[in-house]
Amino acid sequence: MGGRLPLVVGNWKMNGTRVTNVELLAALRAAGPFDAEVSVCCPFPYLTDVALSLQGSGIGWGAQDCSQHELGAYTGEVAAAMLAEFGCRHVIVGHSERRLHHAESDTLVADKARLALAHGLTPIVCVGETRAERDGGSTEAVVKRQLSAVIHTLGHCVSQIVVAYEPIWAIGTGLTATPSQAQAVHSVLRGQLAAASTRASEMRLLYGGSVNAGNAQELFAQPDIDGALVGGASLRAADFSAICRAASHVALGSTGKSRT
Ligand code: PGA
């Protein structure tokens, strides 16, 4: 198979204004093009603006959630079909903040991923353990349980998703997993995917949790880390561009990483 093209996705969360978004995206465009795939997931109301700012840049855009329902009487929800109309390439599903604050279950997250795929979007499915789960030695069991619900729902189509491993204790805390801690979990996830799909070696597995310009390169050098889901640093053009450049270096093979 060919090498995996690194993917860097910005997760703006509930941040931004129309004015600052335009500035951020103009600076990001100016810093590109990158030899990695780059995408930004913005709040829903900004999708039109973001699409206008990024059109023709090669940088993709997406959303941070979608409904598990096709259409209908679900006040406040946004359908995957609607995101597709706005040219979204990606949609994050199962972010830990949604699992926590909106009580999203593993099966609900899997249903969201299924609908995203059905509408031509690439779901970025987040998995990750809490600090207590890591300390209790259950990291592997937790991420496998989360991913297995998605595999169960999608079957061999699971090869069309992107998985993001985001240890909850590392999100927004400045405490990044060490490259070897992250690699260990990525390797478990790829093994689990390999049991479900012959294409597991082509899938992109992202790391997320306090990724910044200083730690990105070392994370991307790990054999099973194919990019990043970036929160805080994606709101600063210089930092996010530096992370995209670090991923481009991996794509160009300057770290010597083997991607077979
Ligand atoms: P962070 O967030 O980079 O600010 O830690 C990552 C995420 O939650 O996706």
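**Exercise 1.** Find out what span helix 7 (residues 139-154) should have, and how far apart its end C-alpha atoms are.

*Solution.* Start with the term: helices are DSSP runs (H or I, at least four residues), numbered from the N terminus, while strands are E runs of at least two. The expected span is 1.5 Å times one less than the number of residues. For the 16 residues of helix 7 this gives 22 Å, and the end C-alpha atoms lie 23 Å apart, which agrees.

A word on the model: it is predicted, so local features need pLDDT of at least 70 and side-chain atom pairs pLDDT 80 or more, while totals for chains, interfaces and linings use all residues. Residues are numbered from 1 along each chain as its sequence is written, and side-chain values use heavy atoms, without hydrogens and water.

**Exercise 2.** Name some buried residues of helix 7 and what covers them.

*Solution.* Buried means under 20% relative accessible area (exposed is over 50%, partly exposed in between; 1.4 Å probe, protein chains only). Among the buried residues are Val142, Val143, Gln146 and Leu147. Their cover includes helix 5 (106-118) and helix 8 (179-196). Just after the helix, Gly155 has a positive phi of about 60 degrees.

**Exercise 3.** Describe the surroundings of Ser234.

*Solution.* First, place Ser234: the loop between strand 8 (227-230) and helix 10 (237-251). Next, check its exposure: Ser234 is buried, at a relative accessible area of 1%. Finally, list contacts (heavy atoms within 4.5 Å). Beyond neighbours within four places in sequence, Ser234 touches residues including Trp12 and Phe240.
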